[in-house]
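Me: I would like to learn how to read this model. Please take me through it feature by feature.

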Amino acid sequence: MGYLRPKNRRNSGFRPLRLNHKLAVALPGAECGLHFCPPAELPESEHISVAEATWLALNVVSGGGNASNSQPIGVTKIAKSVIAPLADHNISVFMLSTYQTDFILVRERDLPMVMHTLSSEFTLLRVVNGETVAAHHLGVTNGFVKPKLAPRPIIHPLSSPSNMFCVTSLDPDTLPSVATLLMDVMFYSGGSKESGAGGEDTSHIRFFSFSLIEGYISLVMDEQTTQRFPNNVLFTSASGELWKMVRIGGQPLGFDECGIVAQISEPLATADIPAYYISTFKFDHALVPEENIQSVIGALRSESNLA
Amino acid sequence: MSGSKSDILWSPHHPDRYVICDSELGLYRIGPAGCAELKAGTVPLSGETAATLLAINSDTPYMKCVAWYPKQEPECLLAVGQANGRVVLTSLGQSHNSACKELVGKEFVPKHARQCNTLAWNPVDSNLLAAGLDKHRADFSVLIWDISSKFSPEASVSAEKIRLSSSDLDPSLVVTKPLYDLGQNDACLSLCWLLRDPKLLLAGMHRNLAVFDLRNTSQKTFVNTKAIQGVTVDPHFPDRVASFFEGQVAIWDLRKFEKPVLTLTEQPKPLTKVAWCPTRTGLLATLTRDSNIIRLYDMQHTPTPIGDETEPTIIERSVQPCDGLIGTFAWHPSRQNRMVVVSATNRAMTDFTVFERISLAWSATTSLMWACGRHLYECAEDGPEGAQGLLEQDIATKMRQRAQSRYGHDTVQVWRNHLLAGGNDSQLKSLWFDLFYMKQCAEDAELKLQGNKQAIVYSGIKNIVKTSSGTTESRKCWSGSERQTEATRFHSEERGLALRLCGWMGRASDVDVEPFLRSLEQEREWERAAAVALFNLDIRRAIQILNRGAMAEKGDLNLNVVAMALSGYTDEKASLWREMCSSLRLQLNNPYLCVMFAFLTSEPGAYDGVLYESSVAVRDRVAFASMFLNDAQLPRYVDKLTNEMKEAGNLEGILLTGLTKDGVDLMESYVDRTGDVQTASFCMLKGSPGEVLKDPRVQCWIENYRNLLDAWRFWHKRAEFDIHRGKLDPTSKPLAQVFVSCNFCGKSISYSCAAMPHQGRGFSQYGVSGSPTKSKVTSCPGCRKPLPRCALCLMNMGTPVSSCAGTGKSDDKVDLTRENKLAQFNNWFTWCHNCRHGGHAGHMLSWFRDHTECPVSACTCRCMQLDTTGNLEPLDSS
């Protein structure tokens, strides 16, 4: 449950009351918006460890302007347009995919750089009270480091647990009926006692993510956990797709290293494999369709072999 | 559905049925309350109507939105959008062999489950059902389903890798492939099909309103806005769309979609429903959360505002259909202004009809018109033959008739004005006699010699008696007898003046009341004459008059009896005569006969029986008071009477107040009572210009009267009034406001004349007035450049119009005086303010009698049509 704290902390950044501070970056042609929202201040506490710096959330929104048959999902879609350029400019990002959309968190101090980077490819728009207006450049553009366009080998060790995951959501109105279940799943089902019991299957990972962003709930849990929910509460896709996880990092990744998301997402984008990507306080997690897991592992292995 | 939100849907084809959806669907039929015998499930909606529950459907859990199939057949087919994004077709109160059997139970399942926010049936191609869903990553949020499509399991199972959940009972009823999918990577909160083309779908997306065209789904027009909830097209105006965000409603015109054409005033609470009235154009109803009122907006289509007269574009009002908080409402599809409201707390329903806004307009004449709903009502006064005698004519009619009979314009025999007013209004008669006597006194040469009295003449008896001094008392004998009267009579200069103002005395030197008595006899006012004679202590004359009255044609023989009673007068206190007279006098119908006996039977100095007999004319009571009340009593009585008159707005009181501020107060209450600004204007013009006319109330009456004359198109009367006013109040003459300035030097041509007195030219010398044979000036006196030419005769302005100018028609033979007046006007400069062409007024008038365009060739200005009053004819004769 170690990822819970940072997750909560970052969710605070999406509070709607900070909506008026949002910025949007829009793609030319297709409607694409990157929303920034600064987090609310958190009280200092010895029970909570807080990463340095405040993070702003960029929300990638695009309208269905071009109806293409291939629908890349998640980081794949923005890997080349957003993530790679940010990595090239040494900007550390923090990814959070949800059922509804993807958020890219960047450090507030990096914002001028982010805007500078993205302005070359995007039309920058600022969202003020929900209305989109043209955004001005923040700060000067001089003195920015030239991007290094080096290949990006995968540095961190990867592991792929055996259990399969669902990315799902539920109607906020039904939340009260599953509240106790959610609390049970989050706080009382994965204690250290059970970790020994589950130790026989080392490749099994306990992972549960709950996010509530702008009224939308997003859940990521493994297939076994979904069985505990009553029928018809969870939103399941018609195709009932399941996802396999690729966990990045052998030890906590920290917050300063950049390019990790790009290392993973670029090969996936090249192979046109949809993916979710969830960064947590310690590790990063990519979710890929179960049928693609072998090709994903293959592709990523070849990348790390390059290194 | 959570139960927090409910909605009402009217059946598109049965005007008496509606569905209420909250946690389940309930079908109700609305009917008259009387004939609905208290069946189970019947609930009263209003005094007249009740609703019967026909069917309940609770098959579909997690309802988020419902839409009623728009076609007649199959009836009562509903699409229900669920929390997981599935759309289910269901029906209510239908037997299972009905036409929709194969449709009921059909499910439309999106690829990724998320809440279904809105549903909309295509009104033309009713197979198409649009569903708006929440956002799911790169999935589409607007799905258009074809309800007639058949699911083909073999074709898609392998491709789509369907893992349907166990709840799906019959896979043959499940459709997973929408006909169109739109709005990728976005959320859709509201939808409506556009009425102007059934292929166009308007969607309220996450931060924009988008119009999708099904013929080309890769294109969309959109506008960024917050107002994306509840998009709805005005059924009467297919380009007008309303949408809302929190407390604010935005009205859009699809032809100019960049920004809202209107935003309505923001409400403090978020809106829950916005609906156009289907039966009235431009009427929008809005409801906010936790509110007990529905706010209505009347949107008027005003193309070009003309002056200040335009109505506001939006008229806001609110209605309160029921006592509690309103949950939701729905307009009745065909009955005007009717809606059903569901309360938020106990689900009580109310049938409610919004009362139509009434707009009302007074005509300048007597008619009144108002519009309510689709009805226009006119209320006109009955013709003079219709309700004569029953009802008084409207003051507007009276004033119109009086204006035509030149009421107020007789400045010599001032009293005659009451005859011009019709001669049947006693207050006006009294007023004009008052003014006549005041004028007489003011002009009296003898009074002038006695000091500066004429100023005080107009200040009213109230002020006159206050200044009274040097009062002498006298006790006279009854004329023709040696008996002393008990009554003490008081004399002073001021009392004499008061009597003159009351009309009892003629000239100052002439203290004889005889001429007045004679004139009263002439007018057959026998009783009054007798009373005046008696008050002048001539009991014999009084008896004589009564006798004469009884003898006269159609005379009242009872007057003889009264005369006999009078002749028995005795001053003995304990006499039978006294006793009987003082009690029986009250039974006399004529107030003058009554006060005669009151006078004879009262104690000296205590004449309340006379003074407070309200049927006796004020002038007679005041005259009586100034004869018989002492210096202490008289001002007190006059003050009291003045206040009474002021309060009642009785014009007889002008005698007391004069034309002072008091008089204006009195006139004010008269105008308040009657609206007769005409009399008020004419009366106050007689006052001194210094004080009374400065009073804003007086100016207001005068201006209103002038406006009224203009509105009646009595322009000549208004001009006459202005002349009349200018004579009496020289300050009211307006300064020249329009000047003709030279094109070259810019100086006013008339001003230049004034600046050069040695040349002594007036405006008249430009042929504008005076005889045409006088010197002609056709150039600017300032710079000597020629004046512009008339567009018709091509002569320089200033050249008089020749006698045969314009039309040589023989039917122009009107009376010569009129022609002369017109001839002067014919020479006036006139030009169009728009194209600046013009010339002699006469020429222009005759040109525009036959033409609409400007006389200058190649100028297409329709000068005369630009003049809204130019084509109106005056309704009065000059």
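## Reading salt bridges, a sheet and confidence

Reply: Start with one residue: B:Asp665 is buried, with a relative accessible area of 18%. The cut-off for buried is under 20%, so B:Asp665 falls within it. Keep in mind that this is a predicted model.

Me: Which residue forms a salt bridge with B:Asp665?

Reply: Side chains of opposite charge can pair when their charged atoms come close. Here the partner is B:Lys646, and the closest N and O atoms are 3.8 Å apart. B:Asp665 lies in helix H19 (residues 661-674) of chain B and B:Lys646 in helix H17 (residues 633-648) of chain B, so the salt bridge ties together parts that are 19 residues apart in sequence.

Me: Is B:Glu525, which has a salt bridge to B:Arg528, buried or partly exposed?

Reply: B:Glu525 is partly exposed, at 22% relative accessible area. B:Arg528 counts as buried, at 12%. Their side chains meet at 3.6 Å, N to O.

Me: How should I read the pair B:Glu853 and B:Arg862?

Reply: Read the distance, then the accessibility of each partner. The closest N and O atoms of this salt bridge are 3.9 Å apart. B:Glu853 counts as partly exposed at 30% relative accessibility, and B:Arg862 counts as partly exposed at 40%.

Me: Which residues do shared salt-bridge partners join into one network?

Reply: The network consists of B:Lys462, B:Lys646, B:Lys661, B:Asp662, B:Asp665, B:Glu668, B:Asp695 and B:Arg697. Over all chains, the count comes to 43 salt bridges.

Me: Now the sheet. What is the order of its strands in chain B?

Reply: To read a sheet, follow the strands from one edge to the other. In chain B the order is E6-E7-E8-E9-E13, five strands in an open sheet with mixed pairing. The edge strands are E6 (63-68) and E13 (174-175) of chain B, each pairing on one side only. Strand E9 (residues 107-108) of chain B pairs with E13(B) in the parallel sense, over two bridges. B:Glu107 stands opposite B:Val174 in E13(B).

Me: Where does pLDDT stay under 50 in chain B?

Reply: Where pLDDT is low, the predicted coordinates should not be read in detail. In chain B, pLDDT stays under 50 over residues 752-765, for which the model has 21 contacts beyond four places in sequence. Residues 804-815 of chain B also stay under 50, with eight such contacts. The mean pLDDT of chain B is 80, and 83% of its residues reach 70 or more.

Me: What does the model score for ipTM and pTM?

Reply: The scores are ipTM 0.71 and pTM 0.62.

Technical notes: Residues numbered from 1 in each chain as written. Chains lettered and ligands numbered in written order. Heavy atoms only, no water. Pairing = 2+ DSSP bridges. Helix = DSSP H or I, 4+ residues; strand = E, 2+ residues; numbered from the N terminus. Salt bridge = Lys/Arg side-chain N within 4 Å of Asp/Glu carboxyl O. Buried < 20%, exposed > 50% of the residue type's maximum accessible area, 1.4 Å probe, protein only. pLDDT = per-residue confidence, 0-100. Contact = heavy atoms within 4.5 Å.
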